[in-house]
Each structure stands twice: as structure tokens, then as C-alpha cells.
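Hi,

Here is the structure I said I would pass on. Have a look at it first, and then read my notes below.

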Amino acid sequence: MANLEAYQEYQRIEDFEEDSPPGEEDLLVHVPEGLKDSWHHIKNLDNFFTRIYHFHQKNGFSCMMLSEFFELVQFLFVVTFTTFLFNCVEYDVLFANRAVNHTGPGQNPLDRNKVTLPDAILPSQQCTERIQENSWIIFLLIMAATFWIYRLVKVFCNVLSYWEIRQFYIKALKIRMDDLCNFTWQEVQDRLISLQREQQMCIHKKELTELDIYHRILRFKNYMVAMVNKSLLPVQLQLPLLGNLVFLTQGLKYNFELILFWGPGSLFQNKWNLHPKYKRAGNRLELAQKLSRVILLMGLANLLLCPFILVWQVLYAFFSYTEVIRREPGSLGARRWSLYGRLYLRHFNELDHELHGRLGRGYKPTSKYMNSFSSPLLAVLAKNVAFFSGSVLAVLIALTVYDEDVLTVQHILTAITVLGVVITVTRSFIPDEHMVWCPEQLLQCVLAHIHYMPDHWRGTANKSETRDEVAQLLQYKAVFILEELLSPIVTPFILIFILRNRSLEIIDFFRNFTVEVVGVGDICSFAQMDIRRHGNPMWMSEGQTEASVYQQAENGKTELSLMHFTIKNPRWQPPQESSVFISHLKEKVHHDAQTGPPAQLLLSEAPLCSSLLSNDSASAPDNLLASVLAHPVLTASGLPGRDRRFLPPSTAASAAASVLASLSTSQLPHAGRSRSHVHLTSTHPDGPMYRSDRTFIDRNSPLSMSASDSRVHSTPLLSEFASAEMSLHAIYMHEVHQQSALPQRASGQWQNLVPMRDLNTTTGTHAVSLSMPTPLRLGGWTEEEEEDEGEEEINSGSTPKEDAKE
């Protein structure tokens, strides 16, 4: 995407043979006779599946409607209360700048000058006159009322819409509302797929796949992820004094989606089809000029509405965060995943709850990595500022304890509050004296959960430049609030002066990376996770991809997304090229596992590894990750271990390969789905990905699980192991990628990584069983953890689907 000349040689990726036939807008949902009165002739399956997903994630009809009702009340409260504060309060009386004399029979003379709250509130008639005299207030109230009425109509439509979804859950999916929280999304999705076989919801396909449902729910989000991956969206800004900054706010993201997907003049003619003219290369310059005009008008509209949006942002932030800051000043120093981080780290075809669960597991190690950096200069200044502020605060507190009349002195409470905030803020710059400096290990632990890491982070984890780039993904809450407040001012200039200049690149992107899939419509071709079209040779796709540099996804996005989707949906059958990639990956893992440390040794070291990485969790998946991450450190440190003197030096990749090759589901708790012992070349769709007999865990060891415990913890356990398996794949694939990109780094390290093209496809392995520990501690993302019981494995053999054939 560097320049115009580069785009002239790019041709649009050829569509699949099974292009969606004309009349996609007439897509119907067929329901049986008894259900036709409720939801027949549903034309928009995107909206239908999205509402089904949101209905499940937001815990049903009552919770959703109550939330929307309180959003209306909240907006009404903010507008009304702000108008009251500006026009109906006499602040001279409230601040005692004007004396008030209460006279009357029986009035205590001592209380005649005492100010009460009603004294500072104007009468309703006088308040109304003030409002009527101010034309700006009237104009703002009219705009607020218009927006509120629009929201009210939208809420009313949502009530009708989600009531139909409620009926669909009860009658078609056979899920009662009081049982909805007990069903994972994978179970709901399985029922949708089964219902399609019986009732043909989609008339253009006999059967729906998991990928079809994901495509419809995530159609536009996959485009956004791809554009961030290809650095097309202008979210990285170069400023003269501040350098490289990432700026992406809710308002800016909303404008991107409005311009590209569903606003007036957008590229899509409906929610599932790109306008045909954007698929042809002949008029790309004319379309780019048209898009440039749309962006210019949108930027001018943002500039015109900037004052009103800014006022609303300030008021909303004031009412939302003031009390929290007063009660917990340190909350501004807490971190949160930025909008840019959520798009940069998101896999193709990753639903919201899957992303939130993964980032939730990665929050703690990432925060530890960020907190491991400290400035000696700031630490010295913070200690002294905290000392002086604490001394003054201690005196003020002692005086108020001695005589509470001190509180009546002007600004005493303000001084106490400000000093408390200063002390809390300065303490955040003082490092923990017990903290151990190990940035490389922390960054490796971060990678295990977030799955993406630029190549230049390897070996530079202790540098401030790397920390600054991680801070773009995990930002301070104070930075988030500041960016949202600045968004109404900055957004128009980004649209007018930066996004407009990329109009031609955007047109070329949508033409080159849009494909039609039968029964689905137009989707981003990256979302197909097609190794041949979008694989990267440096990410274990060598010899399997035909993609040019322009067509390749960056940072291994295609390969990692494919592995993630396959693990999360073990019944999905990938297309031919993807199946070949997965099979080669299995073979390579088994080959590399032969030279890695035995899994039995890794698991025996798990408690020590967990303590070294300060991992408070005692669950089996966390122990697996801890053992893989810390084993190279233990090996290099010379700590005593069982038979370590007979083992070659190993890296995290060799340890990950050993554990992946030893993973088995034969002893995992069953939850209604039978498992059979299969080998590497098995084509059973529900078979585990890796089987090996070279390691086993003693059932009498601390890592074993009783049968009763396995039945109780089956679904959460399998979900945890699915996430752990993907984390191991991320570690392994990144390590192999690094060694492929920089082969000289392998000198003195692990020398047995074999390129995939040199693998013998007849590499033999056998089955092994891993027993799991009894204590399980799930994270805070309950819904994401309790996924389908088969998510810890990958299809070991598959056939291509109809909508993905060449």
C-alpha cells in the first residue's frame, strides 16, 4: 500500500466458483408451518444471526431491554440535570457570597443567616424564564430531544425485534429463557446448524457451517481487522514533538464504519453485498474521487457538530468518572485494552466473547510487563512529592480529629482531597522493591495469550521503545478518557486531511480483497483464512501459498487465525489448502517433539515454573503454559531436574512442540460427545490434533483428576484447554517464524527445527493421555470460558466445503 504505482499491478482476487446467485436480497428463512406466523420471510440473515448472538451474550430479553431503558433514562437525566445546574441554581447564595436573612415567627435568631439548599434553588417560574431567554439552551434542548425521540423509536423497534428472537430461542432452538445462561455459544450455534438441516433457513445452501455464521456476524469487523493488519486505516499519526502515536477512538471508528459500510454513499449497497461497480477496476479513479467527496462531507459534518459532541463528551465524562476518581484516584492509572489493540490483536472470525476472554487472560501478564519498567528520576521525584504531600495531609487530618470545626474552614476539604489524589498518583511511579526484572519472560508470557507480536520485539523486551509500543495496545485509562475528549476535535482533521488521501487505496483494497460466497454474500477474502491466497511463506506456509507481498496477511494473521478458528470449532472442516497446512503443522510438531524435552518432565516442573512466572493459578492449562515458558530458563540455569543432564538445550518452541504432541483427549472429561483413539492421519472430524505414546502422566500424581471431578468440570476444563492449546500454537509458530526469518539466531540454540517442505509425511506417533488437576480457577470471563466441550482439539483431516472450492 505504499504508492499508486504499486496498485496498478494488483489484480482482483478471483471469486470462488460458487458465487452467490442474484437475488441475495431475497434470502428467506424457512420455518415450519407452526412457526410461520412469528418470523417468516426474514430477508437479512446477517441481522438475524447477529441478533441471536447478542441475545445470548447479553443474557436474554429482560437484561437487554432493561439496559436500553436505562440508557434512555441516563441520557434524559444528564440533559435535565445539566440544564438545571446551569439555569436553576443561585451560586452566589450557595457559596455564601450573598447573605440570606430568614425572618419569621418562631425563627431562631442564630439560624437567620444560615444557608439551606432550597435557598440556592430558584423558583420554577424564574428558572423557566432563564431558559427561555437563552436561545443556545433552547437549541441544544431541541437537538437533545430529537436525538432522544430517535433513540426511543429505536428502542421500541428493538423490543419487537428481540421479542421475536426470544420466541425463536424458545420454539425453534428449544432453549428456555431461564436456561439460556447455561448454554454456551457453541451449543447455540450447533442447534442453529442442526435447524438449517431440518428447515433450510438459508435457501441457497443445504447446510450451514460454523464459518458461514461467523461470516455473517463478523462481515464488517473482518474488513476492519484486515485494514488494520494492512495498515490502511490512518490510526498511526506522526506528530512533530510526540513522534509516532496511535489514535483510534469510538467516534473515529464510528465514522470509518459509517463511510465504508452502512452510511449514505458507502461502498455496500446493502448489508451483505458490495456495490458491483466497486468490483471492477476500470473506473477505480472515478470511484476514488467519489469516495473522497463522501469523506470530505463527513469530515465537514463532524467539524460542524464538533462543539455539541464535545460538550456531550465532557458532560458524560464528568458524570461518569468524577465520583470514581474521588473514591479511587488510582483508577486513572489502571490500564485497559485500546480500540486499536482490540483490532490489531483480533483474529479473523473471532467473536467478541472469544476476543474478550483471550485479552482478559492476557491482561495480567501484560500489566506486569508494563509495570516492570520504572524511571529512576521519576521514582526519586515521586518519593519526595509523596513525602511532602503526606506530611501536610497528616497535619490536616490531625487537626480535624482534634476539632471538627476545622472542616468549616474554606477549602480544607478540597485540600485534603487534592493531597490524597497527589499521594495516590505519585505512588504509582514508585516501583515495587520486591519486583524481579525479567522482561523477556514476561513478554513471552504476554505472547502466549495475545498471539501477536512484531518481530522487532524479540530480544528488545527491556527497551523503552518496545514498552511504548505495548502501551499502544494496553493504554492508561486516563489516556483513554483524554483521547475520547479530544476525539470530536481531532476526528474531522483525520478524515479530511489523511483518510481522503487514501481513497484510491481503499477502493483497490475492497476490489482486490472481496469475494462472493454462496449463501453468505460478499466478504473480506482474508476472512476465508485461505493459505494459498493469503498465506505468508515466513509463517510456515512456504510451498503452499501463491500470495504476493500485497496479498499476504501481516504478522501471520492468516495462519494464526486458521489455527484459532479450528480449535474453537473442532467440527468445522477446512478447505483443501487449509487442511494441508494443518496436516503439515502436525507433522512438523511431531518431528520437532522428538528432540524436545519429554512432556512428563515439563509437567513435573510445572509448580516450579508457575512460581517463577508468578502465576497464581493452579489449573492444568496454566501449568502447561508455565512449564513451556520457563523450561528454557530452568535448563539454562542449571537447576537440578530429572534426567536433565541427558537432554539437549531446548527453547520454548521445542517445549511447546513436546506438549502439543502429547496432548490427548482420551482422558479428558466427556460431555456428551464420544472420542475415539485416532492417529495422526485420522480423518475423524472430532479427533484430537496431536497423539503420542511417548509420555504419560501417572494417575496417582498431583496432576490427576478423579472421574467425579472430571464430570463436574468438563465444559470449563475443555474450554480452558482449548485456549491453552492455542497459546502453545502461538508460542511455537512465533518461535519457528523467528528462526526462519533469522536463521543465524539459531547458533548455540536449538538446532533441530526442520523446514516443513523437508518433512516426511509418514512420521509416526502414538497416543498419550494427560490427566488434569482437580483445582480449577476460571477467569472472570465466564461465558468465554464455558465453550463447547470439544474445543481443545483440531480436525485432523477434512474435506473442503462447497463455498471454498477453487
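Start with helix α21, where the buried residues are Ser503, Leu504, Glu505, Ile506, Ile507, Asp508, Phe509, Phe510, Arg511 and Asn512. That makes 10 of the 10 residues in α21 (residues 503–512), so the helix is largely enclosed by the rest of the structure. Charged residues such as Glu505, Asp508 and Arg511 are on that buried list too.

Before you go further, keep in mind that this is a predicted model. The mean pLDDT of the protein is 76, and 72% of its residues reach 70 or more. Two stretches to treat with care: residues 1–38 have a pLDDT below 50, though in the model they make 104 contacts beyond near neighbours in sequence. Residues 637–649 are also below 50, with 14 such contacts. Where pLDDT is low, the predicted coordinates should not be read in detail.

Now back to the inside. Phe510 of α21 turns up again in the largest nonpolar core, which has 137 residues. Phe510 is one of the residues with the most contacts inside that core, along with Ile52, Tyr169, Trp185, Met227 and Tyr732. If you want one of these to click on, try Tyr732: leaving aside its neighbours within four places in sequence, it touches Met540, Leu585, Lys588, Val589, Asp592, Ala653, Ala656, Ala657 and Leu660. There is also another core apart from the big one, made of five residues, including Leu393, Leu396, Ile412 and Leu419.

Met540, one of those contacts of Tyr732, has a quirk of its own: a positive phi of about 65 degrees, although it is not a glycine. Met540 sits in the loop between α22 (531–534) and α23 (557–568), and it is buried, with a relative accessible area of 7%.

Lys174 has a positive phi as well, about 60 degrees, and is not a glycine either. You will find Lys174 in the loop between α8 (135–172) and α9 (185–199). Is Lys174 buried or exposed? At 60% relative accessibility, Lys174 counts as exposed.

Last, a helix pair. α15 (residues 352–371) and α19 (residues 464–473) pack at an angle of about 140 degrees, with their axes 10 Å apart. That angle makes α15 oblique to α19, and their crossing is left-handed. On the α15 side the contact is made by Thr366, Tyr369 and Met370, and on the α19 side by Thr466, Arg467, Val470 and Ala471.

Cheers

How values were computed
Residues numbered from 1 in each chain as written. Predicted model: local features only at pLDDT ≥ 70, side-chain atom pairs only at ≥ 80, totals over all residues. Heavy atoms only, no water. pLDDT = per-residue confidence, 0-100. Contact = heavy atoms within 4.5 Å. Core = buried A, V, L, I, M, F, W, Y, C linked by side-chain atoms within 4.5 Å. Buried < 20%, exposed > 50% of the residue type's maximum accessible area, 1.4 Å probe, protein only. Axes fitted to C-alpha atoms, helices over the stretch in contact; angles between N-to-C directions. Helix = DSSP H or I, 4+ residues; strand = E, 2+ residues; numbered from the N terminus. Parallel < 35°, antiparallel > 145°, perpendicular 65-115°, else oblique. Left-handed = near helix turned anticlockwise from the far one by under 90°.
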